[in-house]
Amino acid sequence: DKVSPTAAALLDKLNIKPFSFGVVVNVVYSDGVCFDPRVLDLSEIDLINKFRAGVNAIAAIGMEVGFPTIASLPHSLTNAFSNMLAITLETDFDFPQASAYITAVTSA
């Protein structure tokens with residue numbers, strides 16, 4: 001709020017200088033959990049990046065232990081397709097999805 005000119009003159013006569021006040025948050029308490037207030041400063045991009053890192057970790061763990069998860073499914077399918085292409089290149093076996101890759105390899 002702005003201070004009116006008359007209020008400013010009165011404050012000047014009383015030798016009261018402008019000031020500001022606020023609250024400094026040291027710890028946030030929510031649902032029985034205490035956490036650092038910097039958590040409140042996270043942007044949407046930060047949250048998306050943290051979520052992606054978590055999904056990548058789940059996919060990596062699933063791939064390593066051989067336990068399929070939704071997160072590791074694209075990687076599993078890509079690896080399976082790569083294995084089928086390798087078999088196709090070494091044998092006479094052929095399937096329609098591999099034809100573009102086979103022509104690219106044989107023409108190179």
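Is asparagine 15 buried or exposed? With a relative accessible area of 55%, asparagine 15 is exposed, because the cut-off for that label is over 50%. Keep in mind while browsing these close-ups that the model is predicted.

**View 1. Asparagine 15, a loop residue with a positive phi.** Here we're in the loop between α1 and β1, where β1 covers residues 28-30. Asparagine 15 isn't a glycine, yet its phi is positive, at about 60 degrees. Asparagine 15 also turns up in the lining of the largest pocket, so hang on to it for View 3, as its 55% relative accessible area makes it exposed.

**View 2. Aspartate 31, another residue with a positive phi.** This one sits in the loop between β1 and β2, with β2 spanning residues 33-35. Phi of aspartate 31 is near 55 degrees, and again the residue is something other than glycine. Aspartate 31 is exposed, with a relative accessible area of 78%.

**View 3. The largest pocket and its lining.** How many nonpolar, polar and charged residues does the lining have? There are 6 nonpolar, 1 polar and 2 charged ones. The pocket's volume comes to about 190 Å³. Among the residues around it are Ala8, Asp12, Lys17, Pro18 and Phe19. Val3, Leu11 and Ile16 belong to the lining too, and you'll meet those three again in the next view.

**View 4. A nonpolar patch on the surface.** Val3, Leu10, Leu11, Leu14 and Ile16 make up this patch. Together they offer about 440 Å² of accessible area. Take leucine 11 as a sample member: it lies in helix α1, which runs over residues 5-13. Leucine 11 is partly exposed, at a relative accessible area of 32%. That's enough for a place in the patch, because patch residues need over 30%.

**View 5. Proline 5 in helix α1, and valine 33 far along the chain.** Proline 5 is part of helix α1. Its relative accessibility is 70%, so proline 5 counts as exposed. Now look for valine 33: the two residues are 28 apart along the chain, and their C-alpha atoms are separated by 48 Å.

**View 6. The salt bridge between arginine 38 and aspartate 36.** The structure holds 1 salt bridge, and this is where to find it. The closest N and O atoms of the pair are 2.9 Å apart. Arginine 38 is exposed, with a relative accessible area of 63%, whereas aspartate 36 is partly exposed, at 35%.

Methods: Residues are numbered from 1 along each chain as its sequence is written. This is a predicted model: local features need pLDDT of at least 70, side-chain atom pairs count only at pLDDT 80 or more; totals for chains, interfaces and linings use all residues. Side-chain values use heavy atoms; hydrogens and water are left out. Patches are made of residues with over 30% relative accessible area and no salt bridge: like charges are joined within 9 Å, nonpolar side chains (Val, Leu, Ile, Met, Phe, Trp, Tyr) within 5 Å. Accessible areas come from the Shrake-Rupley method with a 1.4 Å probe; for residues, only the protein chains shown count as cover. A salt bridge is a side-chain nitrogen of Lys or Arg within 4 Å of a carboxyl oxygen of Asp or Glu. Helices (H or I, at least four residues) and strands (E, at least two) are DSSP runs, numbered from the N terminus. Buried means under 20% relative accessible area, exposed over 50%, partly exposed in between (1.4 Å probe, protein chains only). On a 1 Å grid over the protein atoms alone, a cavity is a set of points where a 1.4 Å probe fits but cannot get out, and a pocket is an open set with protein on both sides within 12 Å along at least five of seven lines; lining residues have an atom within 4 Å of a point. Grid points are joined across faces, edges and corners, and a volume is the space filled by probe spheres set on the points. Ala, Val, Leu, Ile, Met, Phe, Trp, Tyr, Cys and Pro count as nonpolar, Asp, Glu, Lys and Arg as charged, and the others, Gly among them, as polar.
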